[in-house]
Amino acid sequence: MSTSNRIVVGTRGSALALVQAEMTEQLLRQKFPEAEIVRNVITTTGDRRTDVSLADVAKVEGVFDKGVFIKELEVALENGEIDIAVHSLKDVPTVLEAPFEIVSVLERAPVADVLVTKVKGGLDALPQGAKVASSSCRRQKMLKWLRPDLEMVDIRGNVPTRLRKLAEDAELDGILLAEAGLVRLGYDATGEMGTEAGNVYGAALEADSFLPAAGQGAVALEVRKGDTRSAAFARAINHEATMTRITAEREFLRLLNGGCHTPVGVASQIFGDKLLMEGIVFPEGEAIGDPLQAESSGCLNEPLKVAESLFKSLS
Ligand SMILES: NCc1[nH]cc(CCC(=O)O)c1CC(=O)O
């Protein structure tokens, strides 16, 4: 167990996870110069199983829903090996196991999805029938809806690996990635990106036609429920506006009971004391039916209510 001035930050070992852990540790060091901030890197099921599709990892490994990137961090939290788990919020299920709590989020990075292609020019420059890879059913459905001619395929691996796979694979015309991950890894997400196998080019997909995942671009800090000491550390670096937005977005997803099998896009914005939300829900299964879409707005202080009204106005 931790002594009084020591706090152990737990993270996955991917390049993006390590950058996000570093951001967290730096903020903690600024707030608590007297504290000893220690890092513990943990390998998760999702990192280990790059041999099967993301949708299948949970089934193959018997891991609850989307928790393939977080289970081992929760085990480490439970064992007291770490005090604060750092996650990409997007990878965290909307309902946590009872012993855990998300108490804080870092300031959000850009939320858009990016189409990365071998040829400059974004979506409009992709030829008829081009092949685009993504491991996210939301991204696959959304792009197929906008461009029914495209062939969507699965892809695994961390961000630098995917960029390299695109540059290497002669058959592949593009991949979809979060702008947040690219930016945090230091890439020019909407420009030219270098890989060992050549250059590729990013173009952000407009957030009003291509809605991101709930919590995309946000980093969440998870602690043991009742561990008031670790929670106080984490809360001291919380970014309030991000917390408001992700609370609303995740509530919308929770109401829909959306996991990896019901593709859901959701975006939120703060204007003065108002919270604006937009949502899109695709039908389950292979067919690309017409999605349900809605918008809603309400008071900034009531993110749960705004999410509920968005959910109710889906039609
Ligand atoms: N599931 C993988 C994952 N989890 C978080 C990010 C990027 C950062 C973010 O969206 O917060 C990514 C990669 C991607 O979607 O391109």
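This report describes the ligand shell and two helices of a predicted model.

Residues are numbered from 1 along each chain as its sequence is written. Because the model is predicted, local features need pLDDT of at least 70 and side-chain atom pairs count only at pLDDT 80 or more, while totals for chains, interfaces and linings use all residues.

**Ligand shell.** Around the ligand are Ser88, Lys90, Asp91, Val159, Leu177, Ala178, Ala180, Gly181, Gln216 and Gly217 (C-beta atom, placed from the backbone, within 6 Å). Strand 8 (174–178) and helix 8 (179–184) are the elements that give two or more residues to this shell (DSSP runs, H or I of at least four residues for helices and E of at least two for strands, numbered from the N terminus). The shell has four nonpolar, four polar and two charged residues, with Gly counted as polar. Domain 1 (6–106 + 218–238) and domain 2 (113–204) both contribute to the shell, so the ligand lies between them; the domain bounds come from an automatic or database assignment.

**Two helices.** A residue is buried if 20 or more other C-beta atoms lie within 10 Å of its own. The arc is taken from the directions from the helix axis to the C-beta atoms.

| Helix | Buried residues | Arc |
|---|---|---|
| Helix 9 (228–235) | Ser230, Ala231, Phe233, Ala234 | within 160° |
| Helix 11 (303–312) | Pro303, Val306, Ala307, Leu310 | 100° |

The buried residues of helix 9 fall within that arc, so they line one face of the helix. Their cover includes strand 1 (6–11), helix 1 (15–31), strand 3 (84–88), strand 4 (100–105) and strand 11 (219–224) (contact: C-beta atoms, placed from the backbone, within 7 Å). The buried residues of helix 11 pack against helix 10 (240–256), strand 13 (274–281) and strand 14 (292–299).

Terms used. Buried ≥ 20, exposed ≤ 12 C-beta atoms within 10 Å, placed from the backbone. Contact = placed C-beta atoms within 7 Å.
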